[in-house]
Amino acid sequence: MKMLTRKNSKIKKEVDSPGATLAKGMLSVIDIIAPSAIEVDFNHTKIGNTYFRTVFVTGYPRFVGANWLSPIINFEHSLQISMFYYPIESKGVLDDLRHKIGEMEATLRTEQEQGKAIDPAVVAALEDAKSLQEQMVKGVEKFYQFSFYINIPAANLEELVRVTKKVESTLGSIMVISKLATLQMESGFQSCMPLGLDKLLISRNMDTTSLASTFPFTSSELTANEGILYGINQHNGSLIIFDRFTLENANSIVFAKSGSGKSYLVKLEALRYLMFGTEMLIIDPENEYKTMCEAVGGDYISFSQNSVSKINPFDLAAYERGSNTLGNKVMSLHTLFKIMLGGLSPIEEAVLDRALLATYQSKGITVNPDTHNQTPPVMEDLFNLLQRAKDPVAAQLAEKMERFIHGSLSGIFDQQSNIFIKSNLTVFATRDLEDAIRPIAIFIILDFIWNRIRQMLKKRLLIVDEAWYLMQYPDSAMFLYAVAKRARKYYLGLTTISQDVEDFLSSDYGRAIVTNSSIQVLLKQSTAAIDRLQKVFYLSEGEKRLLLGAGLGEGLFFAGNNHVAIKIVAAPEEHELITTSPKEILAKQQKEQQKEEQREKELAARDQPLPKTSVTQGSSINQDNLNVPQTKPIAASVRTFSRAPSRQELATQVTAPPITPRIQKDEGIQQLEQEVEKNSQPNQQANLHGQAMPLETKPEPKNESAYS
Ligand SMILES: Nc1ncnc2c1ncn2[C@@H]1O[C@H](COP(=O)(O)OP(=O)(O)OP(=O)(O)O)[C@@H](O)[C@H]1O
Ligand SMILES: [Mg+2]
């Protein structure tokens, strides 16, 4: 009663104050943001039109890795997640821990004495408690309590039930046990508001290391201000934008099973780097870079027995004309012959060394740099010299070499070089070579490219697709490793692609190339290769599983110290240029063929003689009658031929007016045509020389005015 009176008097006082009276009639922020009603049920709250349900966590897995909460942090539905961390005084905890350890030890001893089976859960708990005790005594770990609540918003009850089930099963998949905060939904909601209020107070003991692993923002970002788009970060949907030239070296390796998108990624990267003026050099053993190369106006150099493109492995590098040029060349030729002839004995090496120097000498080339401008010898010169020598070892070498000069493998690398790297994208295709000489060809091409690279400093990427060809021989593997190691100094990024992970990683040089590559991309892997990969790349169990189950163009992207799960995406225009799907390529070819046929039909229709006119006499020359675009000058009807046009074509080219045969014309027009024909006569002669008539060669303005 007393209280009431006091309250009444307080109200009276407030009513009396004019400020309070005014405030009562005014809208406050709370009035604006507050919902019209809050309905609290057993298992949900309804605030305004939104339903909420709170879940709390009671059990955690025994061991957790970094970012173990990511499935729930990056959950597809929006959630309100609250975590409370309560530091606990170590001393009290240590006392409790000692008691607890004593209790558990007693339990175990009693069970042992009674001859009962020992409960493994108690053994595990005792182990954990002892290690925690040790860590805490040493001061390595501190003790905390941790609360974890999740509030699920939904537009209706069905959605609420569905999302709750999904949240519970997601938590279950990471071995987290959750429960509904039944009858405490209001407290649950309040605990998940950003107020720092824990109204549920359901906590669990944790040490510092475990606590640190709950930090929610661990998905690393690889979004730089410069660089190209590699793909989408699958942890958080951000973009992976990166410039490989910002790392300590610009080398990259791409490993994956066949058909999982290695070449696709590399082609995409090449197209995007091209836009920034980076020069691309590609070794393509499958002829799959052709479409892309043609689309960007690159040079596509295809090697085969009959092709015109030749590389002479005896070429001397122009860049370092110095005393050692010849010595270096001879060394590189030694490697080449080792690959070609399947190894050399020390005696053979010595004979070859002498023969190589003598071959150069026969062309006037000695260690003196001034002689290096002379035309270098070719393979046949060496072969002839070896044959002529009266030495059994030389004869043996010549015999082994013969098939490259006169035999089945001749015609590619036994003539003077006739290729130049002049465009921003050069593809060296080796598919048409026999399998036996492909590794040799790739080595020679690589050597050629490497010499050119060192001539001039430029930002370049060198792509070696199917690099396992080179890993087959220790000598070519060593060469690739040498390129990887020295590339940085020449502003070069080497991209090595291989589907044969086992072979690549079982070679010492292969592993060294991996360690010399700042960017490493692993796409879908086979179970056979994953264990070796796990060791080489220090993959976690989760990453291992991700690679085994990865879809097309999905995998892990390692850049320096960062690694993220990546999904490689291309624009439809890019996809068209880089896909190797036979189905898509066939569909594209058919489309192009149809277009071509359509075009030919149109051209044929245009070349037909004009039908007789049947228009009423005396009608004026009117633009509408002609159905010809007003701005089109007569000369625009001249076609450009990609080949030299035939006489007949040239005749129609000049004489046919730009009118479709279907148009009915009156006599006035026919007259005009004859005049046009007359005016076009001087141009015809020029055209007969095989030149398409330039558009500027318009007829006399007098005639043109009739059309325009
Ligand atoms: N990210 C992607 N998005 C869409 N399609 C892709 C993606 N990656 C690859 N593909 C498609 O998958 C197929 C195989 O890709 P790709 O040729 O790059 O495989 P690969 O790993 O280089 O195989 P191989 O080792 O046999 O050369 C192609 O048809 C390509 O179009
Ligand atoms: Mg490929």
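**Two helix contacts and a busy strand**

Modeller: Helix 12 passes helix 13 in a right-handed crossing. Bear in mind that this is a predicted model. The two helices, with helix 13 covering residues 346-362, pack at an angle of about 130°, and their axes are 10 Å apart.

Biologist: Okay, so what makes helix 12 oblique to helix 13?

Modeller: Set the angle against the cut-offs. About 130° isn't over 145, so roughly antiparallel is out, and it isn't in the 65 to 115 range for roughly perpendicular either. That leaves helix 12 oblique to helix 13.

Biologist: And which residues of helix 12 and helix 13 meet there?

Modeller: From helix 12 you get Leu326, Val330, Leu333, His334 and Phe337. Across from them, helix 13 brings Glu349, Leu352, Asp353, Leu356, Leu357 and Tyr360. Sort them and you have eight nonpolar, one polar and two charged residues. The polar one is His334, because His is in neither the nonpolar nor the charged list.

Biologist: Helix 12 (residues 325-341) also packs on helix 16 (residues 438-455). How do you know which way the two run relative to each other?

Modeller: Same trick. Their angle is about 165°, with the axes 9 Å apart. Anything over 145 counts as roughly antiparallel, so that is what helix 12 and helix 16 are. Their crossing is right-handed. Among the residues making the contact are Leu336 and Ile339 of helix 12, plus Phe443 and Ile444 of helix 16. The whole set divides into seven nonpolar, one polar and one charged.

Biologist: Let's switch to strand 3, residues 50-59. Why is strand 3 called largely enclosed by the rest of the structure?

Modeller: Count its buried residues: seven of the ten. To be buried, a residue needs 20 or more other C-beta atoms within 10 Å of its own. With seven out of ten passing, strand 3 is largely enclosed.

Biologist: How do you know that strand 3 and strand 5 pair?

Modeller: Pairing takes at least two bridges, and strand 3 has six with strand 5 (residues 143-154), in the antiparallel sense. Strand 6 (residues 177-180) passes too, pairing with strand 3 over four antiparallel bridges. Valine 55 shows both pairings: it stands opposite isoleucine 150 in strand 5, and its bridge partner in strand 6 is leucine 180.

Biologist: What about strand 2 and strand 3, how many bridges there?

Modeller: Three, again antiparallel, which clears the minimum of two. Threonine 45, for instance, stands opposite phenylalanine 52. These two strands form a hairpin with two residues between them, and glycine 48 in the turn has a positive phi of about 60°.

Notes
Residues are numbered from 1 along each chain as its sequence is written. Chains are lettered from A and ligands numbered from 1 in the order in which they are written. This is a predicted model: local features need pLDDT of at least 70, side-chain atom pairs count only at pLDDT 80 or more; totals for chains, interfaces and linings use all residues. A residue is buried if 20 or more other C-beta atoms lie within 10 Å of its own, exposed if 12 or fewer, and partly exposed in between; C-beta atoms are placed from the backbone. Axes are lines fitted to C-alpha atoms, for helices over the stretch in contact, and angles run from 0 to 180 degrees between N-to-C directions. Angles under 35 degrees count as roughly parallel, over 145 as roughly antiparallel, 65 to 115 as roughly perpendicular and the rest as oblique. A crossing is left-handed if the near helix is turned anticlockwise from the far one by less than a right angle, and right-handed if clockwise. Two residues are in contact if their C-beta atoms, placed from the backbone, lie within 7 Å.
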